[in-house]
Amino acid sequence: MQDSQGRVIEYARISLTEACNFCCTYCRPHEITEAMAPVLPASFWMSVLEALWLGGVKAVRFTGGEPLLYPHLYELLEAVQKKGWFSDISMTTNGSLLSQQADKLYTAGVRRLNISLDSVEEEGFAQAVGRSGQLERVLQGIEAAKTVGFKNIKINTVVQKPMSDEEVRVLLHYGDTWNVVWRFIEYMPFQGKQSHVPTFQEWKAQLERIVGAPLELVTDRLGFGPAQYFRLPSGQRIGFIFPLSNQYCSSCNRIRFTADGYLRLCLLRDEDLELKRMVQQGVDAQAILHCIEEALQGRYASHDGEAIEKVERPMWRIGG
Ligand code: SAM
Ligand code: SF4
């Protein structure tokens, strides 16, 4: 599959549910009281995934909301595993339910995990996720994932405001101790502009000051995502995802599907195509693919970062 700009699409991100047990300040800062979209059955996603496989997609990431709350998760993963359609199956999770499920995920074919963690201190973590007493559960989840055999676990930290050198050093220390790849994600203003979000250049300069040397760009590919990876003088690898101040649209290889059955062409633009009815009518995978391919011809060359504040869907309804 290619889009209007000749970009080859080989990576799909599927949001399985809008439900979440956290209220992160940058994503869904309040308890959701409005009705959430009902989840779609595993058979719905299997039809979409077959179309994506026919279209040449190699990697699939399940996200949400919190994907571990999707009630048909293992039915879906086992069906995908049986088909053997994709070389890479991954998940982004807040980690809170991982200690009970890491083993099942691995057995069901998930091989790569991104786990969100904004602070390793109880109070900072509670502030970030809007819940107290959760840090230990997430840490146990990371430990469980390592124990069952997940390799190259990535930790996602959203950089919403400047951090002190000491705060960054603590995260780097844990990244090194746990042998995980720590990734820093630029805050995208789905919840309104913040007064000072560090830019890619500022963040890189701070990291270089902390480690006392230029960061060395790692050229080997670590997954299908947009992160740029750097090696610290200690050998530790870290990742940067700064879509606004270090745009990577020209190499964008992915499409997204929302938990209510829409194809979303760009995270940071309201370009959606309703697929739900069509898939539910039982059309074949080739017809779904055709529809996706057509929609890809309407894709813009880049996001419109300045307008994200006004996008209709908040992050938890898109799937980050
Ligand atoms: N619940 C799972 C989790 O938190 O990992 C998966 C869904 S979450 C929407 C996916 C990723 O989006 C997380 O790493 C989260 O930190 C990131 N995210 C959410 N809102 C964001 C924002 N406004 N700017 C940047 N990243 C954001
Ligand atoms: Fe939930 Fe993930 Fe959004 Fe946090 S970032 S509120 S864990 S969906």
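So, Glu 66 and ligand 1: a side-chain N or O atom of Glu 66 is 3.3 Å from a nitrogen atom of the ligand, and that falls under the polar contact definition, a pair of N or O atoms within 3.5 Å. Before I go on, this is a predicted model, where local features need pLDDT of at least 70, side-chain atom pairs count only at pLDDT 80 or more, and totals for chains, interfaces and linings use all residues. Residues are numbered from 1 along each chain as its sequence is written, chains are lettered from A and ligands numbered from 1 in the order written, and side-chain values use heavy atoms, with hydrogens and water left out.

Back to ligand 1. The backbone joins in too: a backbone N or O atom of Met 188 lies 2.8 Å from a nitrogen atom of ligand 1, and a polar backbone atom of Thr 93 is 3.2 Å from an oxygen atom of the ligand. On its own, ligand 1 has 550 Å² of accessible area, and the protein covers 95% of that (Shrake-Rupley method, 1.4 Å probe).

Who else is around? The shell of ligand 1 has 19 residues, and the closest are Tyr 26, Gly 65, Thr 93, Ser 116 and Met 188; to be in the shell, a residue needs a heavy atom within 4 Å. By class that's 8 nonpolar, 9 polar and 2 charged. For the classes, Ala, Val, Leu, Ile, Met, Phe, Trp, Tyr, Cys and Pro are nonpolar, Asp, Glu, Lys and Arg are charged, and the others, Gly among them, are polar. Strands E3 (88-93), E5 (154-159) and E6 (181-186) each supply at least two shell residues; these are DSSP runs numbered from the N terminus, at least two residues for a strand and at least four for a helix (H or I).

Now ligand 2. Its surroundings are Cys 20, Phe 22, Cys 24, Tyr 26, Cys 27, Arg 28, Gly 65 and Asn 94, which split into 5 nonpolar, 2 polar and 1 charged.

Where do these two ligands sit? Ligand 1 is in the largest cavity, and the space taken by ligand 2 is the largest cavity as well. Sitting there means more than half of a molecule's atoms lie within 2 Å of the grid points. A cavity is a set of points, on a 1 Å grid over the protein atoms alone, where a 1.4 Å probe fits but cannot get out; a pocket is an open set with protein on both sides within 12 Å along at least five of seven lines, and lining residues have an atom within 4 Å of a point.

That largest cavity has a volume of about 720 Å³, volume being the space filled by probe spheres set on the points. It has 44 lining residues, with Thr 92, Ser 116, Asn 156, Met 315 and Gly 320 closest to the centre. The lining comes out as 21 nonpolar, 12 polar and 11 charged.

The second largest cavity is about 230 Å³. Cys 249, Cys 252, Cys 266, Leu 267 and Arg 299 lie nearest its centre, out of 20 lining residues, and strand E10 gives the most, with 3.

Last, the open spaces. The largest pocket holds about 570 Å³. Asp 118, Ser 119, Gly 124, Lys 161 and Glu 167 are the closest to its centre among 21 lining residues, and helix H4 gives the most to that lining, 4 residues.

Conventions: Polar contact = N/O pair within 3.5 Å; in protein donor to acceptor, adjacent residues only side chain to side chain.
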